[in-house]
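Work through these exercises with the sequence and the 3D view side by side. Try each task before you read its solution.

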Amino acid sequence: MIDTAASGKVSLAPLAETEEMNPRSQRARAERMSVTPLGGGLYEVESQSDNTYFVDLLGGRCTCPDHMMRGVRCKHLRRVAIEINEGRAPPPGKEAVECARCQSVIFVDEKTAAAGPHYCDHCELQPGEPVVDRATGDLLVVVGMTDHRADQVEVPGRDCTVATYPANEGYPADDPVVEVLYPIPSGLRPEQVEARHVRRYSFPRSRLQRPERPGDQSELTDFREAE
Ligand SMILES: [Zn+2]
Ligand SMILES: [Zn+2]
């Protein structure tokens with residue numbers, strides 16, 4: 001589990017609108033607190049006054065006196081809800097993990113969080129998705145992302161791995177391996193089918209990019225794929 005509160009206690013930027021006029025909501029936002037997800041919808045909140053409280057978000061409960069004595073929706077409950085709404089903390093049932101490729105923090109189902117690797121939407125390629133081989137410009141179709149790194153996968157018939165395969169030098173050795181197919185050209189007669197039309201090939205993720213759409217600059221801002 002990644003502690004999304006690793007940077008310590010912070011206050012959140014105030015809302016521009018006078019949307020939250022409740023004083024507890026204002027304190028929930030302005031006071032310096034840290035929120036640490038514990039799993040199962042439980043969150044540990046370290047308050048500005050250095051007290052530690054436990055928030056059960058789904059049950060709407062907090063261990064602080066304000067909630068215990070007065071039964072109100074305290075600033076800790078509100079703070080946890082705010083951090084979830086703003087993507088700073090995982091919602092109940094989710095856990096924060098790092099994308100295995102770019103290390104950005106993503107939220108995954110807490111039941112499968114330990115069974116990585118996990119990838120963010122940008123890094124993960126979906127089965128059936130068209131991709132372009134950056135080295136040749138060939139159009140390929142994704143079969144699936146594997147759980148293996150380029151330096152763990154042998155290239156059949158060659159004394160090397162996907163990472164040390166000559167055409168793959170320059171891509172990260174710990175890149176996830178993606179299985180792809182060359183699309184079979186339409187109208188191909190049986191005698192024209194070559195091995196490359198039926199074989200799966202293993203590529204390092206960084207050698208593949210999504211086809212550029214007009215006006216789509218997303219690949220240019222990818223720090224690992226930018227040239
Ligand atoms: Zn509380
Ligand atoms: Zn990523």
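**Exercise 1.** Find the protein donors of the zinc ion (ligand 1) and name the arrangement of the donor atoms.

*Solution.*
- Step 1. This is a predicted model, so select the atoms in its coordinates. The donors are C62 (SG), C64 (SG), C74 (SG) and H76 (ND1). They lie 2.1 to 2.3 Å from the zinc ion.
- Step 2. Check the angles. The 4 donor atoms subtend 102 to 114° around this ion. Four donors count as tetrahedral if all angles lie between 85 and 135 degrees. The arrangement is therefore tetrahedral.
- Step 3. Read the spacing along the chain: C-x1-C-x9-C-x1-H.
- Step 4. Place two donors. C62 lies in strand 4 and H76 in helix 3, so the pair ties together parts that are 14 residues apart in sequence.
- Step 5. Judge exposure. Buried means under 20% relative accessible area. C62 has 2%, so C62 is buried. H76 has 4%, so H76 is buried.

**Exercise 2.** Work out the strand order of the open sheet of 4 strands, then place helix 3 against these strands.

*Solution.*
- Step 1. The order is 1-2-3-4, and the pairing is antiparallel.
- Step 2. Look for the edges. Strand 1 (34-39) and strand 4 (61-62) each have a single partner strand, so one side of each has no neighbour in the sheet.
- Step 3. Take one pair. Strand 1 and strand 2 (residues 42-46) are joined over 5 bridges in the antiparallel sense. P37 stands opposite Y43 in strand 2.
- Step 4. Add the helix. Helix 3 (residues 75-85) lies across strand 1, strand 2, strand 3 (52-56) and strand 4. Its angle to strand 3 is about 65°.

**Exercise 3.** Analyse the site of the zinc ion (ligand 2).

*Solution.*
- Step 1. The coordinating atoms are C99 (SG), C102 (SG), C120 (SG) and C123 (SG), at 2.3 to 2.4 Å.
- Step 2. The donor angles run from 101 to 117°, so this arrangement is tetrahedral.
- Step 3. The spacing in sequence is C-x2-C-x17-C-x2-C.
- Step 4. C99 sits in the loop between strand 5 (94-98) and strand 6 (105-109). C123 sits in the loop between strand 6 and strand 7 (130-133). The two are 24 residues apart and link distant parts of the chain.
- Step 5. C99 is buried, at 1% relative accessibility. C123 is buried, with a relative accessible area of 1%.

**Exercise 4.** Decide where the pLDDT calls for caution.

*Solution.*
- Step 1. The chain averages a pLDDT of 87, and 88% of the residues score at least 70.
- Step 2. Over residues 219-227 the pLDDT is below 50.
- Step 3. Where pLDDT is low, predicted coordinates should not be read in detail.

Terms used: Residues numbered from 1 in each chain as written. Chains lettered and ligands numbered in written order. Predicted model: local features only at pLDDT ≥ 70, side-chain atom pairs only at ≥ 80, totals over all residues. Heavy atoms only, no water. Pairing = 2+ DSSP bridges. Contact = heavy atoms within 4.5 Å. Axes fitted to C-alpha atoms, helices over the stretch in contact; angles between N-to-C directions. pLDDT = per-residue confidence, 0-100. Donors = N, O, S within 2.8 Å, 3.2 Å for Na, K, Ca; no water. Tetrahedral: all angles 85-135°; square planar, octahedral: opposite > 155°, others 65-115°. Buried < 20%, exposed > 50% of the residue type's maximum accessible area, 1.4 Å probe, protein only.
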